[in-house]
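Here are a few notes to read with the structure open beside you. Take them one at a time and find each residue as you go.

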Amino acid sequence: MTFADLHRIYHQPFFDLLKQARAVHDEHWTGNEVQLCTLLSIKTGGCSEDCGYCAQSARYTTGVQAEKLMPKEQIMERALAARASGSTRFCMGAAWKGVRKGTQKFDQVLDIVRDVSKLGMEVCVTLGQLGAEEATDLKEAGVTAYNHNVDTSPEHYPNIVSTHTFEDRLSTIRHAQDAGMSVCCGGILGLGETIEDRLKMLEVISNFNPQPESIPINALMPIKGTPMGDNEVVDSFAFIRMIAVTRIAVPKAKVRLSAGRTNLSREAQALAYFAGANSIFYGDKLLTAANPRANEDMKLLRDLGLAPQAPNPEMEAPEATEGRPLMPCCTEEHACEMEKANGCC
């Protein structure tokens with residue numbers, strides 16, 4: 001979709017937007033099912049990046065201590081507990097700038113992935129920047145989906161982080177897709193961006209080829225000690241508008257309620273499900289932040305007549321559409337060299 005399309009859709013009256021989003025959702029998703037995902041930080045803190053929202057950056061004093069990679073035995077215990085509680089996707093995140101083939105930490109992650117992939121759940125990892133070889137190795141080890149958010153618009157991105165570029169994000173996503181992994185790619189609301197920035201972010205996401213398999217929509221949870229520690233909490237109606245527009249823009253993707261869900265009332269979460277959300281991060285903790293308790297989530301799903309989605313570890317990644325560029329352009333005025341090489345502009 002173009003920015004003009006998204007702008008028009010977003011600025012409809014609220015109930016007209018929800019009605020349109022619900023119609024799109026019902027066309028592509030049946031069964032009233034919600035995907036339950038558990039996110040575990042397998043390596044917390046000490047990250048060299050300077051993302052202005054992140055408690056795990058070594059550049060900020062947030063109370064989060066740098067830790068080594070969690071032992072495989074502990075990760076497997078958490079994965080088994082997640083499966084027992086009903087989770088169908090197990091996501092593992094590490095606070096690294098990226099991973100390199102041939103390093104000890106990458107070999108350890110591959111070993112962990114191989115064992116988790118035997119549990120019958122979908123396996124997702126988020127390890128920072130990714131090269132083509134590393135992406136291939138992760139796919140062969142059993143990764144179902146790679147998470148790498150674009151966070152915000154290309155224009156606003158330099159205000160958020162300086163240690164890598166928006167184009168670096170696009171490159172990682174391309175490598176993951178080329179390796180045959182599904183991509184989980186969304187953004188964060190509340191980073192000081194405008195509504196236009198949010199829609200430009202979604203324009204980029206909707207123009208990946210193939211489109212992401214899942215799209216997490218996060219609301220910033222301001223962390224004291226980070227540059228964005230005093231940012232305002234995102235308004236619930238603005239959050240739900242973005243859920244609805246995302247559902248319309250990428251009809252076949254799972255739209256995930258992610259960070260910031262603790263700030264949504266039960267009624268606001270119900271509106272988000274109606275608007276097209278069909279995936280949540282499930283469990284008491286989300287990396288370093290709090291998350292609604294699992295029993296509260298299950299009660300809300302029951303009250304709404306929703307049911308957990310069955311796992312699909314053999315899920316095939318979406319296929320690219322012939323005749324379309326593989327990568328979106330960063331902006332209408334400027335295209336990075338990698339995008340030009342892929343013929344996107």
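1. A word before we start: two residues are in contact when heavy atoms of theirs lie within 4.5 Å. Keep in mind, too, that this is a predicted model.

2. Let's begin in the middle of things. The largest nonpolar core has 95 residues, and Met 92 and Leu 138 have the most contacts inside it. Helix α8 gives the most to this core, with nine residues.

3. Now zoom in on Leu 138. Leaving aside neighbours within four places in sequence, Leu 138 touches Phe 106, Val 109, Leu 110, Val 125, Leu 127, Leu 130, Val 143, Tyr 146 and Met 181. Apart from the largest core lies another core, of six residues, including Cys 37 and Phe 281.

4. Three of those partners of Leu 138, namely Phe 106, Val 109 and Leu 110, are also among the buried residues of α4, along with Ile 112, Val 113 and Val 116. Look down the axis of α4: its buried residues fall within an arc of 165°, so they line one face of the helix. They pack against α3, β2, β3 and α5.

5. Next, try α2. With 15 residues at 1.5 Å each, this helix should span 21 Å, and its end C-alpha atoms are 22 Å apart, which agrees. Which residues of α2 are buried? They are Phe 14, Leu 17, Leu 18, Ala 21, Arg 22, Val 24 and His 25. Seen down the axis of α2, they fall within an arc of 165°, so they line one face.

6. Finally, what do the buried residues of α2 pack against? Their partners are α1, α8 and α9. The face turned away from the buried side carries the exposed Phe 15, Lys 19 and Glu 27.

Technical notes: Residues are numbered from 1 along each chain as its sequence is written. This is a predicted model: local features need pLDDT of at least 70, side-chain atom pairs count only at pLDDT 80 or more; totals for chains, interfaces and linings use all residues. Side-chain values use heavy atoms; hydrogens and water are left out. Helices (H or I, at least four residues) and strands (E, at least two) are DSSP runs, numbered from the N terminus. The expected span of a helix is 1.5 Å times one less than its number of residues. Buried means under 20% relative accessible area, exposed over 50%, partly exposed in between (1.4 Å probe, protein chains only). The arc is that of the directions from the helix axis to the C-beta atoms. A nonpolar core is a set of buried Ala, Val, Leu, Ile, Met, Phe, Trp, Tyr and Cys residues joined through side-chain atoms within 4.5 Å.
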